[in-house]
Amino acid sequence: MSRLGTLGARLHRGEVGYDFVGKRKIWYGVSLLITVAAILGLTVKGLNMGIEFQGGAVFTTPKTSVSASQAEEKAEEAAGHDAIVQELGTGGLRIMISGVDTAKSDEIKAELAKDLGVKSDDINADLVGPSWGEQIANKAWTGLGIFMVLVVIYLAMAFEWRMAVAALVALIHDITITVGIYALVGFEVTPGTVIGLLTILGYSLYDTVVVFDSLKESSKDITKQTRWTYSEIANRSINATLVRSINTTVVALLPVAGLLFIGGGVLGAGMLNDISLSLFVGLAAGAYSSIFIATPLVAELKEREPQMKALKKRVLAKRAAAAQGEAAEATAPGGAPEPRDAEPEDTAHAVVGPRTQPVSRGRGRGRPSGKRR
Amino acid sequence: MRVDSRAGRLERKNEKVAAPKKGRRTSAQSRPGRSLVLILIAIVALTGGMFLSGHTTPRLGIDLAGGTSITLKAKSEPGQENAVNQTNMNTAVGIIERRVNGLGVSEAEVQTQGNDNIIVNIPRGTNEKQAREQVGTTAQLYFRPVIATEVSAGEATASPSPSASGSASPSADKDKATSSDSSATPSSSATPSASATSQGRAVTDALKADSTASPSASASPSGSASAAASASPAATGTPDPSSDLQQQYAALDCTDPEQRAKAGDGVKPSESTVACGTNSQGQWQKYILGPAEVEGTDVDDASAVFDTQSAAGWKVTMEFTDAGAKKFADITGKLAQNQSPQNQFAIVLDGEVVSDPYVSQALTGGSAEISGSFNQESAESLANVLSYGALPLSFEEQSVTTVTAALGGEQLQAGLIAGAIGLALVIIYLVVYYRGLSLIAIFSLLVSAALTYTIMALLGPTIGFALNLPAVCGAIVAIGITADSFIVYFERIRDEIREGRTLRPAVERAWPRARRTILVSDFVSFLAAAVLFIVTVGKVQGFAFTLGLTTLLDVVVVFLFTKPLMTILARSKFFSSGHSWSGLDPKRLGAKPPLRRTRRVSAPVEPKEA
């Protein structure tokens, strides 16, 4: 813990850190690979929609001695699809199986009759429509559309449009990966899955916003200094909130992992699997994309701004000068001490305020950002 | 002690620095005890309410607890054999879904079965009787002018209208009474006057006028009744009710359920018709009604209201759409010029007259109400049914049966066990990483859990909120989001300590920054919840409700519990001295001692990073 705590302190001061922004190309590549695989999985295997979405067949049996869970196994065997079994007040069973047409339903009916030990004629077979009908789906899409527009507007106002764009990219990234992996695993899509996806949508944005908030704060007075470029500030800000990101992700993932691996895996609970898989993948992707995708993307967009380009030039020029002046004491960007510590060794390369002015004035002839001060 | 006084001085200094710049109020920080008491009272009140209401567990959805399954069969009506088709069935499913699951939180499921059946599954614990009423009602609502009306007695079938005049006098009285709530005391003149003092609403005003007139009206009962029968066509200028209709009217015996059910069957809204209804004495009343002037589709919204002023009991008020309000003003304006009973309009629901108020002037308020012998349940059912519109088909109940949980108890049990293990891991992680601070996190999580649980339990009986398995999983994920708020705050505090501050100023300085992060990110979650709740229906709406609730609770807990508790604990020696188990030990956090000495130097720079 003490080592962890010190690591936190060093991360906070920027003494150690991982160059998330600099190595972004690698992580873009990784993400692209996963996304492509997810889309491939989605197009090749497709989603296996549950009875709630596509309807199916319902079989009502007379009173039988077979238990609901046994009947479920039998029904799934007979149909090759997930089955929902409920006991009725009459003592009979209601068995619902998705993706079944009339011809197939007769087959299943015969098989069920054999398995359950009742007469085939006594089983009443009928087709059922989806309970999650088109109306619900359409309204859900409309709602999502409106939300996306509003959230982009909100983020553009609270932060800036670049962050809104990056957050949206990260969101799409997370959802695509989750849906793709869901298709690859081949679990049936139930309303639980959709609820899980919506939860992820919320979480992904939430996590990105927390990271952006710290980025916004640390880049507030960026043009007043000449020590760091925007990318470096962004990188420092990710590293400074890294402890928080890891802790939050662990805390959010632990219970879901419990559901997925213990609840679903060991205890063998069916629907829990559906939900916790989408949650697990989505939460992990959400935490990953905030750090590896969203923030580097903002940095990249931001560096295209003339103001930031000018800043970068100034910073590089100053570093070159510092290296010339006192080659021995030249500091690498990652290992530089805290700007606000104002420690003796720091005074050599001015931190903030008036001390930077002579330097930038001396070098910054005709630079736009120089005028704006 | 020395430590304490110094911390206090530093705190004041920091407040001075922070306050002018950001204009932040520090009052919340100075009275941490008050908000703690507030939230404790809230928890106690909610828990007490939960036990008082007798619903100590949240209602579970049909997947976890089972429930009742109602099978409805569409009736094909004569002349409209093609009406039972896919489109109409789907529309009916949509409307029934909204009726039983208006807020999306009751977890009821509606789907078609075969060609002409609809299955409605309602979780256990729902008011089954009410639900059955709601799903079965077609809710075709029409406002029709009354052309003639009288009490329908058994003998009326045999005798033509003139002979009915004898019984007409009670009828005239009762008409008025129907809408004026005096169901218990029919002949008492006190009741009408009681209602007279009451409502400001236009319709009831009209009723009031009639009620007061009624005592004198008894003098001319036969006259008005016969006039109604014979003179009506000419007087109203409505299309002549064919002699056919007159005959139907004469022959109609509303006391006979079979005849009642058939009355007005298959009549188009644009045609005149005969209909039955009960008056306030519980007697059957029969009517000849003109073409429908306002329809159910003109009703924008309906709600059940308890009329406290006139002791009228429950009634249903309807708000019209703009077009509906105009139509309603037109018809009431026309009717107001007529003589009784042609100044009445009948509110016809599914072929039965539920109310027949008098009109004395055009009603332009854009609203109307149905009063009568409602109780709370029936008024709410009717309002609900009217709000979501009429079914395109009429249905009859085919079977009602209980069903067991689709997922069975073992799924919920597995989920809970897994969730508990997960939670235990979270607590272990927090304790190992945050040590003493984890106490605050765990208490906050407990408070959050207590609030969520009691509110969900209380929402069961009030708005029909039911938890299904996905919602249980969502609640588990919510743990992560709630814990994140604490983690953001703790990390801020630790960052402040790393910069060399002592605990108390660190706690206060970290708060505004953590608060902003928490608010901004929770706002995004809440935005998602609000938009989805307003726009969507069904389970998505239910999800949005849960998300919004947990997000709000997160903010409440962090503001009213975590922060005040942190402030109070920061005063304790254990935390402020940076005990190695407090999770705030400056040495372990890697704070650099020299920084403390240079605080003065760093102070002017502070605003830059704040």
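**Exercise 1. Around helix H18 of chain B**

Find the glycine just after H18(B) and give the sign of its phi. Then work out how H18(B) sits in this predicted model.

*Solution.*
- Step 1: Go just past the end of H18(B) and you land on Gly500(B), whose phi is positive, at about 100°.
- Step 2: Now check the length of the helix. H18(B) has 30 residues, and its first and last C-alpha atoms are 44 Å apart. At 1.5 Å a residue you'd expect 44 Å, so the span is close to the expected one.
- Step 3: Is H18(B) mostly covered or mostly open? Mostly covered: 30 of its 30 residues count as buried.

**Exercise 2. The interface**

Say how many residues of each chain take part in the contact between chains A and B, and which element of chain B supplies the largest share on its side.

*Solution.*
- Step 1: Count both sides. Chain B puts 75 residues in contact with 79 residues of chain A.
- Step 2: Look for the main contributor. On the chain B side that's helix H18 (residues 469–498), with 17 residues.
- Step 3: Sort the chain B side by residue type. You get 39 nonpolar, 24 polar and twelve charged residues.
- Step 4: Before leaning on any of this, glance at the scores: ipTM is 0.74 and pTM is 0.68.

**Exercise 3. The nonpolar cores**

Which residues of the largest nonpolar core touch the most other members, and which element gives the most to this core?

*Solution.*
- Step 1: The largest nonpolar core holds 146 residues. Its best-connected members are Ala167(A), Val256(A), Phe280(A), Leu283(A) and Val477(B), so the list has names from chain A and chain B.
- Step 2: For the top contributor, we're back at H18(B), which gives 18 residues.
- Step 3: Zoom in on Ala167(A). Skipping residues up to four places away in sequence, Ala167(A) touches Leu155(A), Leu205(A), Thr208(A), Phe212(A) and Ala294(A).
- Step 4: There's another core apart from the largest one, with 68 residues, including Ile122(B), Ala131(B), Cys254(B) and Ile288(B).

**Exercise 4. Annotated spans in chain A**

Take the spans of chain A that UniProt annotates as "transmembrane region" and check what the model makes of residues 26–44 and 193–215.

*Solution.*
- Step 1: Pull the record. The unreviewed UniProt entry puts this annotation on residues 26–44, 140–157, 164–187, 193–215, 246–269 and 275–299 of chain A.
- Step 2: Residues 26–44 come out as 100% helix and 0% strand, with the end C-alpha atoms 27 Å apart.
- Step 3: Residues 193–215 are 100% helix and 0% strand too, and here the end C-alpha atoms lie 33 Å apart.
- Step 4: For context, chain A has 14 helices and six strands, and 49% of its 373 residues count as buried.

**Exercise 5. Two partly exposed residues**

Work out why Arg435(B) and Val315(A) count as partly exposed, and place each of them in its chain.

*Solution.*
- Step 1: Arg435(B) is in the loop between helix H16 (408–434) and helix H17 (436–463) of chain B. Its phi is near 50°, a positive value in a residue other than glycine.
- Step 2: Arg435(B) has 19 C-beta neighbours inside 10 Å, so it counts as partly exposed; the buried class begins at 20.
- Step 3: Val315(A) belongs to helix H12 (residues 306–325) of chain A. With 18 C-beta neighbours inside 10 Å, Val315(A) is partly exposed as well.
- Step 4: Follow the contacts of Val315(A) beyond four places in sequence: Thr226(A), Arg227(A), Trp228(A) and Thr229(A). The C-alpha atoms of Val315(A) and Trp228(A) are 6.3 Å apart, although 87 residues separate the two along the chain.

**Exercise 6. Where to be careful**

Find the stretches with pLDDT below 50 in chain A and at residues 1–29 and 594–610 of chain B, and say how many contacts each has in the model.

*Solution.*
- Step 1: Start with chain A, where the mean pLDDT is 77 and 81% of the residues reach 70 or more. By element, the mean runs from 40 in helix H13 (residues 356–363) to 89 in helix H7 (residues 161–185).
- Step 2: In chain A, residues 330–373 fall below 50, and this stretch has 56 contacts beyond near neighbours in sequence.
- Step 3: Chain B averages 70, with 71% of its residues scoring at least 70. Residues 1–29 of chain B stay under 50 and have 28 contacts beyond four places in sequence.
- Step 4: Residues 594–610 of chain B are below 50 as well, with 18 contacts beyond near neighbours.

Key. Residues numbered from 1 in each chain as written. Chains lettered and ligands numbered in written order. Predicted model: local features only at pLDDT ≥ 70, side-chain atom pairs only at ≥ 80, totals over all residues. Contact = placed C-beta atoms within 7 Å. Helix = DSSP H or I, 4+ residues; strand = E, 2+ residues; numbered from the N terminus. Nonpolar A, V, L, I, M, F, W, Y, C, P; charged D, E, K, R; others polar. Buried ≥ 20, exposed ≤ 12 C-beta atoms within 10 Å, placed from the backbone. UniProt positions renumbered as here; feature names shortened; annotations may be inferred. pLDDT = per-residue confidence, 0-100. Core = buried A, V, L, I, M, F, W, Y, C linked by C-beta atoms within 7 Å.
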